[in-house]
Amino acid sequence: MANEFWDLYDESRKPLNKTHIRGDDICDGEYHIVIGVWTINSKGKILLTLRHPEKESYPNYWENTGGAALAGETTRQAAVRELFEETGILCSESELILIGTTNGSRHIIDTFILLKDVSPDEIRLQDGETCDAIWVSLEEIYILIKEEKLAFPIVEKFNYYHAVIKDFINNL
């Protein structure tokens, strides 16, 4: 597996003009960019993928699409790439709606909504990353959270953006 390189930023998202190799420790005050995409279809259903059972963290848990921006990528480019890699879904950068940015301990997360109708047979899962996909309602996400089947970091992000996602679905 080839090394994955990330650009590093300060907490205000100012570039530090440094790259980082995934897996190495990130120093205090350094951040990399991460994206999350909530894909929602015209029926108000949200796409979730199941993390591969061999994943180091949260194997066999449901999640939305997400990942790190590679060195030189914008967050929109990263979102388009991650969505295609994990699900086979193609979209343009202009289709992505930025709903917010949050800072984690060592990362800055841009979260997007994508309105896209995709049939289940069009979804192409990424070997070693995702092993299933489902379209769920908000009520079904609440059940997955209660049953502890949604990865904990995703639960945190969903809870943070819940009102925005719910409003988006209600306005379809």
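**Exercise 1.** Classify Arg106 by its relative accessibility, then find its salt-bridge partner and say what the pair ties together.

*Solution.* The model is predicted.
Step 1. The relative accessibility of Arg106 is 29%. Buried requires under 20% and exposed over 50%, so Arg106 counts as partly exposed.
Step 2. The partner of Arg106 in a salt bridge is Asp28, and their closest N and O atoms are 2.5 Å apart.
Step 3. Arg106 sits in the loop between β7 (96-103) and β8 (107-115), while Asp28 sits in the loop between β2 and β3, so the salt bridge ties together parts that are 78 residues apart in sequence.
Step 4. Asp28 has 66% relative accessibility and therefore counts as exposed.

**Exercise 2.** Describe the salt bridge between Glu4 and Arg22 and place both residues along the chain.

*Solution.*
Step 1. Between the side chains of Glu4 and Arg22, the N to O distance is 3.3 Å.
Step 2. Glu4 belongs to the segment before β1 and Arg22 to the loop between β2 (15-21) and β3, so this pair ties together parts that are 18 residues apart in sequence.
Step 3. With a relative accessible area of 23%, Glu4 is partly exposed.
Step 4. By the rule used here, the count of salt bridges comes to 12.

**Exercise 3.** Where do Arg81 and Glu85 lie, and is each of them buried or partly exposed?

*Solution.*
Step 1. Helix α1 (residues 75-87) holds both Arg81 and Glu85, which are four residues apart, about one turn of the helix.
Step 2. Their side chains form a salt bridge, 3.2 Å from N to O.
Step 3. Arg81 has a relative accessible area of 17% and is therefore buried; Glu85, at 32%, is partly exposed.
Step 4. A network of salt bridges links Arg81 and Glu85 with Glu73 and Glu82.

**Exercise 4.** Which residues line the largest cavity, and which element supplies the largest share of the lining?

*Solution.*
Step 1. Searching the whole structure gives one cavity of 30 Å³ or more. The space in the largest cavity is about 40 Å³.
Step 2. Its lining consists of Trp6, Asp7, Tyr9, His32, Ile33, Ala69, Leu70 and Glu73.
Step 3. At least two lining residues come from each of β1 (5-9) and β3 (32-40). The largest share, three residues, belongs to β1.
Step 4. By class, this lining has five nonpolar, one polar and two charged residues. Glu73, one of the lining residues, is also part of the salt-bridge network of Exercise 3.

**Exercise 5.** Give the volume of the largest pocket and describe its lining.

*Solution.*
Step 1. The volume is about 1,600 Å³.
Step 2. The pocket is lined by 43 residues, and the closest to its centre are Arg22, Arg51, Ser57, Gly67 and Ala68. Arg22 is the salt-bridge partner of Glu4 from Exercise 2.
Step 3. Two or more lining residues come from each of β3, β6 (65-68), α1, β8 and α3. β3 gives the most, five residues.
Step 4. The lining divides into 15 nonpolar, 13 polar and 15 charged residues.

**Exercise 6.** Which residues form a nonpolar patch on the surface, and how does Phe152 fit in?

*Solution.*
Step 1. The patch is made of Tyr58, Tyr61 and Phe152, with about 270 Å² of accessible area together.
Step 2. Phe152 lies in helix α3 (residues 152-170).
Step 3. Phe152 has 48% relative accessibility and therefore counts as partly exposed. A patch residue needs over 30% relative accessible area, and Phe152 at 48% meets that cut-off.

Methods. Residues are numbered from 1 along each chain as its sequence is written. This is a predicted model: local features need pLDDT of at least 70, side-chain atom pairs count only at pLDDT 80 or more; totals for chains, interfaces and linings use all residues. Side-chain values use heavy atoms; hydrogens and water are left out. On a 1 Å grid over the protein atoms alone, a cavity is a set of points where a 1.4 Å probe fits but cannot get out, and a pocket is an open set with protein on both sides within 12 Å along at least five of seven lines; lining residues have an atom within 4 Å of a point. Grid points are joined across faces, edges and corners, and a volume is the space filled by probe spheres set on the points. Ala, Val, Leu, Ile, Met, Phe, Trp, Tyr, Cys and Pro count as nonpolar, Asp, Glu, Lys and Arg as charged, and the others, Gly among them, as polar. Patches are made of residues with over 30% relative accessible area and no salt bridge: like charges are joined within 9 Å, nonpolar side chains (Val, Leu, Ile, Met, Phe, Trp, Tyr) within 5 Å. Accessible areas come from the Shrake-Rupley method with a 1.4 Å probe; for residues, only the protein chains shown count as cover. A salt bridge is a side-chain nitrogen of Lys or Arg within 4 Å of a carboxyl oxygen of Asp or Glu. Buried means under 20% relative accessible area, exposed over 50%, partly exposed in between (1.4 Å probe, protein chains only).
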